[in-house]
Amino acid sequence: MSRIEKKLSSIARSAADDGLPGVAISLRQSLLDLRERRKYQTWLKLHQITDETRKTLRAQIADFATEPKLSIIMPVYDVEEKWLRLCIESVITQIYENWEFCIADDCSPSPHIKKILDEYSAKDHRIKVAFRSENGHISAASNSALKLATGEFCVLLDHDDELSEDALFWVSSEINDSSDV
């Protein structure tokens, strides 16, 4: 079902449940959502990372007083393959490279999870994986991932999120700019 079909279905439900006032509220919310998506797309275009930006950021990294190891903590549970791969790739392609990716699978029932995590941990030594024997939910899985961490600072990431390639640069930059961290 397309996004438009889903939205029309939602409006039809509003009409059935709440009549015209429900339709008005639903349409108003749809317009707000559309405006927010457009604002975000505009922001992304304005802040798109170019080869020149990458070069500048790498030069700044070379001038950092310290390059702290950042431990990215990620619990995983039964996420779709495409989202998990996009998430992991977004970490691997970071401009700032002094990181470790600490992932704990929370006993996912889908076999593709283990396959993907094993594949990536074999490709990059900075990726550490723990496989939990029982489901403990997000906090237990996060704690299992945290046990793998050896970095000076931790960064939390959800299994279906993506980092912009400069995200860890900005974390490290802030650490360098703030002597009291």
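**Exercise 1. Size up the chain.**

Of the 181 residues of the protein chain, 33% count as buried. The model is predicted. Describe the overall dimensions, surface and contacts of this protein chain.

*Solution.*
Step 1. Start with the radius of gyration. The protein chain has 21 Å, whereas a compact globule of 181 residues would have one near 16 Å.
Step 2. Take the extents. The C-alpha trace spans about 60 × 45 × 30 Å along its principal axes.
Step 3. Turn to the surface. About 11,400 Å² is accessible, and carbon and sulfur atoms hold 55% of that.
Step 4. Look at contact range. Take contacts between residues at least 6 apart in sequence: 83% of them join residues at least 24 apart.

**Exercise 2. Lay out the fold.**

How many helices and strands does the protein chain have, and in what pattern do they follow along the sequence?

*Solution.*
Step 1. Count the elements. There are six helices and four strands.
Step 2. Read along the sequence. The pattern is α-α-β-α-β-α-β-α-β-α.

**Exercise 3. Assemble the sheet.**

In what order do the four strands form the open sheet, and which strands stand at its edges?

*Solution.*
Step 1. Set the order. The open sheet reads β3-β2-β1-β4, with parallel pairing.
Step 2. Find the edges. β3 (127-131) and β4 (153-156) each have a single partner strand, so one side of each lacks a neighbour in the sheet.
Step 3. Add the twist. On average, neighbouring strands are turned by 25° against each other, direction ignored.
Step 4. Check the pairing of β2 (residues 99-105) with β3. Five bridges join these parallel strands. Phenylalanine 101 has isoleucine 127 of β3 as its bridge partner.
Step 5. Do likewise for β1 and β2. They pair in the parallel sense over seven bridges. Methionine 74 has isoleucine 103 of β2 as its bridge partner.

**Exercise 4. Inspect β1.**

How many residues of β1 are buried, and which lie on each side?

*Solution.*
Step 1. Count. Seven of the seven residues of β1 are buried.
Step 2. Sort by side. One side has Leu70, Ile72, Met74 and Val76; the other has Ser71, Ile73 and Pro75.
Step 3. Conclude. Both faces of β1 are covered.

**Exercise 5. Place helix α6.**

Which strands does α6 lie across, and which of its residues are buried?

*Solution.*
Step 1. Orient the helix. α6 (residues 167-177) lies across β1 (70-76), β2 and β4, and runs at about 135° to β1.
Step 2. List its buried residues. They are Leu168, Phe169, Ser172, Ser173 and Ile175.
Step 3. Look down the axis. These buried residues fall within an arc of 160°, so they line one face of α6.
Step 4. Name their cover. The buried residues of α6 pack against α2 (51-62), β1, β2 and β4.

**Exercise 6. Find the two sides of α5.**

Which residues of α5 are buried, and which exposed residues does the opposite face carry?

*Solution.*
Step 1. List the buried set. It holds Ala141, Ser142, Ser144 and Ala145.
Step 2. Use the arc. The set covers only 160° around the axis, which puts these residues on the same side of α5.
Step 3. Name part of their cover. It includes β1 and β2.
Step 4. Turn to the face away from the buried side. Ser139 and Lys147 are exposed there.

**Exercise 7. Contrast two residues of α5.**

Is serine 144 buried or exposed? Is isoleucine 138 buried or exposed?

*Solution.*
Step 1. Locate both. Serine 144 is in α5 (residues 137-147), and isoleucine 138 is in α5 too.
Step 2. Apply the cut-offs: buried is under 20%, exposed is over 50%. At 13% relative accessible area, serine 144 is buried. At 57%, isoleucine 138 is exposed.
Step 3. Compare contacts, leaving aside residues within four places in sequence. Serine 144 is in contact with Ala104 and Arg132. Isoleucine 138 touches Pro75, Asp106 and Asp158.
Step 4. Add a distance. The C-alpha atoms of isoleucine 138 and alanine 104 are separated by 9.7 Å, with their positions 34 residues apart along the chain.

**Exercise 8. Check two positive phi angles.**

Where are cysteine 107 and histidine 137 placed?

*Solution.*
Step 1. Cysteine 107 is in the loop between β2 and α4 (111-123). Its phi is positive, about 60°, although it is not a glycine. At 30% relative accessibility, cysteine 107 is partly exposed.
Step 2. Histidine 137 is in helix α5. Its phi is about 75°, again positive in a residue that is not a glycine. Histidine 137 is exposed, at 56% relative accessible area.

Definitions and conventions
Residues are numbered from 1 along each chain as its sequence is written. This is a predicted model: local features need pLDDT of at least 70, side-chain atom pairs count only at pLDDT 80 or more; totals for chains, interfaces and linings use all residues. Side-chain values use heavy atoms; hydrogens and water are left out. Two strands pair if DSSP finds at least two bridges between them. Axes are lines fitted to C-alpha atoms, for helices over the stretch in contact, and angles run from 0 to 180 degrees between N-to-C directions. Contact means heavy atoms within 4.5 Å. Buried means under 20% relative accessible area, exposed over 50%, partly exposed in between (1.4 Å probe, protein chains only). The arc is that of the directions from the helix axis to the C-beta atoms. The radius of gyration is taken over C-alpha atoms; the globule rule is 2.2 Å times the number of residues to the power 0.38. Accessible areas come from the Shrake-Rupley method with a 1.4 Å probe; for residues, only the protein chains shown count as cover.
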